[in-house]
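Could you help me read this structure, which is new to me? I would like to go through it by question and answer.

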Amino acid sequence: MHPGKIYTIGDVHGCNVELEDLLNQLNLGEHDMVVFVGDLINRGPDSLAVLDIARNLPGAYCLLGNHELRLNRYHQSGDRSILKDYDWETIPKLSEQDWRFMQEFHPNLHFPGLQTVVVHGGFLPDKPWDEQSVDVVTQIQVMNRKTGKWGKRSDVSGGESWMKYWQGPPFVVTGHTPRSAVVRTKWSICIDTGCVYGGKLTAYELTEDQIFQVDARQPYVTKSLTTSA
Ligand SMILES: [Mn+2]
């Protein structure tokens with residue numbers, strides 16, 4: 001078992017100032033670990049500053065978000081057709097060191113002693129979590145259990161949050177689906193509280209089951225946050 005605390009941190013999306021506020025609040029000790037749930041970059045004011053903070057934080061572990069996955073694939077293939085318009089605000093600023101750093105991001109992190117897995121998006125029910133594709137685990141928000149379709153909330157009609165269907169163990173900690181507050185079920189928790197949309201940046205500590213939050217200094221992107229799926 002890890003000797004210190006284990007803080008998972010939700011989608012930062014370039015909100016470097018709020019990340020510093022949150023880390024100040026956590027007051028990390030030398031045995032503590034920080035796990036970023038992915039989507040450190042894009043949309044917010046300073047993606048590079050966030051990458052720098054994560055890279056220089058002792059004991060930090062970064063998971064792949066759908067944003068890093070897409071940029072990594074572009075970097076490997078050169079295929080611009082997969083990119084979103086806002087990727088071009090980030091791409092020209094990334095150094096070789098930044099690209100190498102993002103390529104080391106992991107699809108998930110398992111804490112067997114805590115029966116907990118941390119992952120960016122989530123998992124499909126009815127299939128072992130460790131056999132699911134990187135596309136599923138970084139991109140799933142909802143699924144329609146009748147059709148088996150899964151994807152973004154806006155793309156799947158009749159879709160419900162994957163969290164509604166997920167029966168552990170393991171308990172799953174995720175981000176990716178922004179809401180106005182932390183959402184929790186028996187077997188999962190989502191800690192994306194939409195900082196870049198003017199919500200909060202959230203940390204969830206696994207060993208003592210505690211939530212830490214800071215408010216966004218301002219909305220950086222306009223979107224109204226819902227409370228549910
Ligand atoms: Mn995401």
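The questions below deal with the overall form, the core and the metal site.

Residues are numbered from 1 along each chain as its sequence is written, and side-chain values use heavy atoms, with hydrogens and water left out. This is a predicted model, in which local features need pLDDT of at least 70 and side-chain atom pairs count only at pLDDT 80 or more, whereas totals for chains, interfaces and linings use all residues.

Q: What radius of gyration does the protein have?
A: The radius of gyration is taken over C-alpha atoms, and the globule rule is 2.2 Å times the number of residues to the power 0.38. With 229 residues, a compact globule would come near 17 Å, which agrees with the protein's value of 16 Å.

Q: Which residues have the most contacts inside the largest nonpolar core?
A: A nonpolar core is a set of buried (under 20% relative accessible area, 1.4 Å probe, protein chains only) Ala, Val, Leu, Ile, Met, Phe, Trp, Tyr and Cys residues joined through side-chain atoms within 4.5 Å. The largest has 37 residues, and those with the most contacts inside it are Ile9, Leu19 and Phe36.

Q: Which residues are the protein donors of the manganese ion?
A: Donors are N, O and S atoms within 2.8 Å of the metal (3.2 Å for Na, K and Ca), and sites may look incomplete because water is not among the atoms. Along the chain, the donors follow the spacing D-x26-N-x53-H-x55-H. Lying 2.0 to 2.3 Å from the ion, they are Asp39 (OD), Asn66 (OD1), His120 (NE2) and His176 (ND1).

Q: Is histidine 120 buried or exposed?
A: Histidine 120 has 0% relative accessibility. It therefore counts as buried.

Definitions and conventions:
Buried means under 20% relative accessible area, exposed over 50%, partly exposed in between (1.4 Å probe, protein chains only).
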